[in-house]
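Let's take a walk through this one, going from ring pairs to the core and then out to the surface. Have the viewer open as you read.

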Amino acid sequence: MKELPKINQLKNLRAIINHGGIRPAAIALGQTQPAITKSINELERILGTRLLVKGESGMILTKTGKAFEIRMHAILNELERAVDEVKQIEKLSHGEVIFGCSHLPAFDVIPELITHFKRQYKYVRITVIEGQFSELVSALRLGKMDFYVGNALDLSSKEFISEHLMTLEFSVMGRKDHPLKNSQSLNELQSAKWFLPSVNFGYYNDIEDFIFPHGSDKKEVIYGDSISIARKLIFEHDYLFPGPKRMIDEPSCQGLLDIIPIRERLPDSQYSLIYRKSKILTPIVERFIGDVRVAYKDTD
């Protein structure tokens, strides 16, 4: 059997990557620099290749080091989750749930769901990362997140499972009594100020092409994912945005927004629950996902 790296060697390498050098890694881990150096030398001996070299601002990964880093993170994340799962089997009320969600679930279904879940499992640590799927897919791929809830592209992937949660009708929206509130077509809105999520692919990338079908001048388009900045631009500076019609009825938006009555219908958005096929979900994550399914079944 081939000699395999030890867990402490992988953790030491991860610390060097995270902290940028052997000295800060040693401080963070409460070890001596010689001990960390010896550990990395031994790891490189086992692998038969250099993983780290000195750079201008600290230790940097070699080409093989970068390739190894991806697998190493996945191994450590899965092992840490395995330990977490064993502990949860012993005491289900403890554990951790880490997931991502797009903006609508962040102020719609998810907060109430989390509140209800925490009443049942008060010692469970829940971490929510808000953003578009294109931003968070890498974290999901590396096992840093358990699952994602939100609008995403249709995934026919060997890597992910995508469960449909609901279909939402989208419209062009602006603040109440927006100067362009009576516009009848997208053509009338080409020179308007727009706020669009910053994505490389997926639904919002498609919807941008729909709004600007002829590659019109986009000098008045602002891209971003900050809800606080979006609200400021929309309510105080007359920016338009594409959003789900149901936002009009949300308590935080009631009486504040108008739907611009254009004749064109924006593409519907498919909201999904997405997780890796190869990832074994812990019991507490499975329970949380079960609650997500029920919550969206009630709202669809």
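Start with two phenylalanines: Phe133 is buried, and Phe160 is buried too. Keep in mind that you're looking at a predicted model. The two rings make an aromatic pair of the edge-to-face kind, with 6.2 Å from centre to centre and 75 degrees between the planes. Phe133 sits in helix α7 (residues 133-141) and Phe160 in strand β6 (residues 160-168), so this pair ties together parts that are 27 residues apart in sequence.

How many aromatic pairs are there by this rule? The count is eight. Another one to pull up is Phe117 with Phe288, again edge-to-face, at 4.9 Å centre to centre and 70 degrees between the planes. Here Phe117 belongs to helix α6 (residues 110-120) and Phe288 to helix α10, so the pair ties together parts that are 171 residues apart in sequence. Both of these rings, Phe117 and Phe288, are buried. They also belong to a cluster: ring pairs link Phe117 and Phe288 with Phe99, Tyr121 and Phe147.

Now zoom out to the nonpolar core. The largest one has 55 residues, and the members touching the most others are Val97, Phe99, Phe147, Val172, Leu189, Trp194 and Phe288. Which helix gives the most to this core? That's α10 (residues 283-299), with seven residues. For a feel of the surroundings, click on Phe147: setting aside neighbours within four places in sequence, its contacts include Val97, Phe99, Leu140, Ile274 and Tyr275, along with Val285, Phe288, Ile289 and Val292. There's also a second, separate core of 16 residues, with Ile16, Ile36, Leu43 and Leu52 among them.

Next, helix α8 (residues 203-211). Its buried residues are Tyr203, Tyr204, Ile207, Glu208 and Ile211. Look down the axis of α8 and these buried residues fall within an arc of 135 degrees, so they line one face of the helix. The spacing fits a general rule: an α-helix has 3.6 residues a turn, so residues three or four places apart point the same way. What do the buried residues of α8 pack against? A set of strands: β5 (147-151), β7 (170-175), β8 (194-196), β9 (221-223), β10 (241-244) and β12 (269-276).

Finally, go back to helix α10, where you'll find Lys297. Is Lys297 buried or exposed? With a relative accessible area of 69%, Lys297 is exposed, because the cut-off for that label is over 50%. From Lys297 to Tyr123 is 27 Å, C-alpha to C-alpha, and the two are 174 residues apart in sequence.

Note on methods: Residues numbered from 1 in each chain as written. Predicted model: local features only at pLDDT ≥ 70, side-chain atom pairs only at ≥ 80, totals over all residues. Heavy atoms only, no water. Core = buried A, V, L, I, M, F, W, Y, C linked by side-chain atoms within 4.5 Å. Buried < 20%, exposed > 50% of the residue type's maximum accessible area, 1.4 Å probe, protein only. Helix = DSSP H or I, 4+ residues; strand = E, 2+ residues; numbered from the N terminus. Contact = heavy atoms within 4.5 Å. Phe/Tyr/Trp six-rings, centres within 6.5 Å; stacked < 30°, edge-to-face > 60°. Arc of directions from axis to C-beta.
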